[in-house]
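Student: Please take me through one helix of this model closely, then show me what surrounds it. I'd like short steps.

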Amino acid sequence: MCKDCGCSITHDHADHQHTHGGHHHGQLHSNPQLNDKKTLAVIHKILDKNDVEAQHNRDHFKSHNVTAFNLMSSPGSGKTTLLECLPEYLEQKYAVIEGDLETSRDADRLIAKGINAYQIQTGSACHLDAFMVHGALHHIDLDPIDICFVENVGNLVCPASYDVGTHKNIVLLSVPEGDDKIEKYPVMFRRADVVVITKSDLLPYFDFSIEQAKQQLHKLNPNVELFVLSVKNPESMKIFAHWINHNLEH
Amino acid sequence: MHEYSIVMSLMDQCEALALQHNAKGIEQVELKIGILSGVEPALLAQAFDTFKLETVCNDAKLIMNIQPLVLQCRDCEQQTQVNERTIICPACGGNNTLVMDGEDMMLMQLILDT
């Protein structure tokens, strides 16, 4: 039994996670047959340190009245383009933390549009984690902004496992990629708060079924919000900007 | 290949726990890997074998228990275990479910050499 809270945690309660000043419900049980071996029940999230750092980032955003969104998708689905075009439709000011393996091209594109952007070059890392975002926050002045977008490394697999300390996950899926990506990359689409189907102006040229995409999301993430947009269609951009406006943290 | 960075976090935890309990080494590391945790068990095992050398886990055996989804249906109130990556309740076909397990990766148990 845990003497701090009195709970009797067992293996069946793996989701019951709490810590009291670094104490993680670790108990030593001697193995009677082998005196020099000890079995230690731990029940500890492997990415616990990242999760603690992520919460720290969220608190930091909150203390500056900034709402943070984590943008995830495969490379080339239009994350940077969406961020380039959004200022036209949003009253709020935003900054962008960019993650890429190499180059600062994405940040340069945004800076050219007058958006404050800081580029993280991950080297070979396929995702951003909470520590990298923390590092980038030292370079972003949060006072003049209302929103901070974290544009994750283009990848539908790895970024899904890391909480970077944002408030909501926005996952993009472009029409040319195909509607089957939802079923193929379930973890990413399960973690999404919003799915944005981009490049909708290409729908007439591809066999992308919005209905099929909806059905797959229904099986994986029924409460997710779905937007279909193209940066060339101002009406669709307004609808998405409206959603952002109504999902700010204050 | 984020399995490598996951293993680095795991090694950090193992080192800290071994130190805390004055262990000479770790004989066995037991994990629970949810089917919707986003981790590929084969890659994780490979990463573990690569990074364990010259750490406290040098001789450790890795046990991975794959955790299916555990769904609690809010409509029909059944709790079910599902091996597919879907949150549809197999009992009533509804999607008003809570995922109770199968989305996390956890360190569950260590056998310490003391």
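Tutor: Start with the outer face of α3(A). Arg105(A), Asp108(A) and Ala112(A) are exposed there, on the face turned away from the buried side of the helix. Exposed means 12 or fewer other C-beta atoms within 10 Å of the residue's own; buried means 20 or more; partly exposed lies in between; C-beta atoms are placed from the backbone. Helices (H or I, at least four residues) and strands (E, at least two) are DSSP runs, numbered from the N terminus.

Some ground rules. This is a predicted model: local features need pLDDT of at least 70, side-chain atom pairs count only at pLDDT 80 or more, and totals for chains, interfaces and linings use all residues. Residues are numbered from 1 along each chain as its sequence is written, while chains are lettered from A and ligands numbered from 1 in the order in which they are written.

Now turn to the other face. α3(A) spans residues 105-112, and Asp106(A), Ala107(A) and Leu110(A) are its buried residues. They sit on the same side of α3(A), because they cover an arc of only 95 degrees around the axis. That arc is taken over the directions from the helix axis to the C-beta atoms. In general, an α-helix has 3.6 residues a turn, so residues three or four places apart point the same way.

What do the buried residues of α3(A) pack against? Their partners are α2 (79-85), β4, β5 and β6 of chain A. Contact here means that the C-beta atoms, placed from the backbone, lie within 7 Å. Just past the helix, Gly114(A) has a positive phi of about 85 degrees.

Follow those strands. They belong to an open, parallel sheet of seven strands in chain A, ordered β5-β4-β6-β3-β7-β8-β9. Strands count as paired when DSSP finds at least two bridges between them. β5 (116-121) and β9 (225-228) of chain A are the edges; each has a single partner strand, so one side of each is left without a neighbour in the sheet. Neighbouring strands are turned by 20 degrees against each other on average, direction ignored. A second helix, α4 (residues 130-137) of chain A, packs on this sheet. α4(A) touches β4 (94-100), β5 and β6 (147-151) of chain A, and its direction makes about 135 degrees with that of β5(A). Axes are lines fitted to C-alpha atoms, for helices over the stretch in contact, and angles run from 0 to 180 degrees between N-to-C directions.

Go to the far edge. β8 (residues 194-198) of chain A runs parallel to β9(A), joined by four bridges. Within that pair, Val196(A) stands opposite Phe227(A).

Step back to the whole of chain A. Its secondary structure comes to eight helices and nine strands. Buried residues make up 42% of its 250 residues. Of its contacts between residues at least 6 apart in sequence, 69% join residues at least 24 apart. UniProt, in an unreviewed entry, lists residues 70-226 of chain A as "domain: CobW/HypB/UreG nucleotide-binding". UniProt positions use the numbering here, feature names are shortened, and annotations may be inferred rather than shown by experiment. Over residues 70-226 the chain is 27% helix and 22% strand, with the end C-alpha atoms 16 Å apart.

Chain A also meets chain B. In that interface, 33 residues of chain B contact 33 residues of chain A. On the chain B side, α1 (3-20), β1 (25-34), β5 (97-101) and β6 (105-113) each give two or more residues. β6(B) supplies the largest share, nine residues. By class, this side of chain B has 16 nonpolar, 11 polar and six charged residues. Ala, Val, Leu, Ile, Met, Phe, Trp, Tyr, Cys and Pro count as nonpolar, Asp, Glu, Lys and Arg as charged, and the others, Gly among them, as polar.

One strand pair crosses between the chains. β2 (residues 37-45) of chain A and β6(B) pair in the antiparallel sense over seven bridges. Leu40(A) stands opposite Leu110(B) in that pair.

Key
Contact = placed C-beta atoms within 7 Å.
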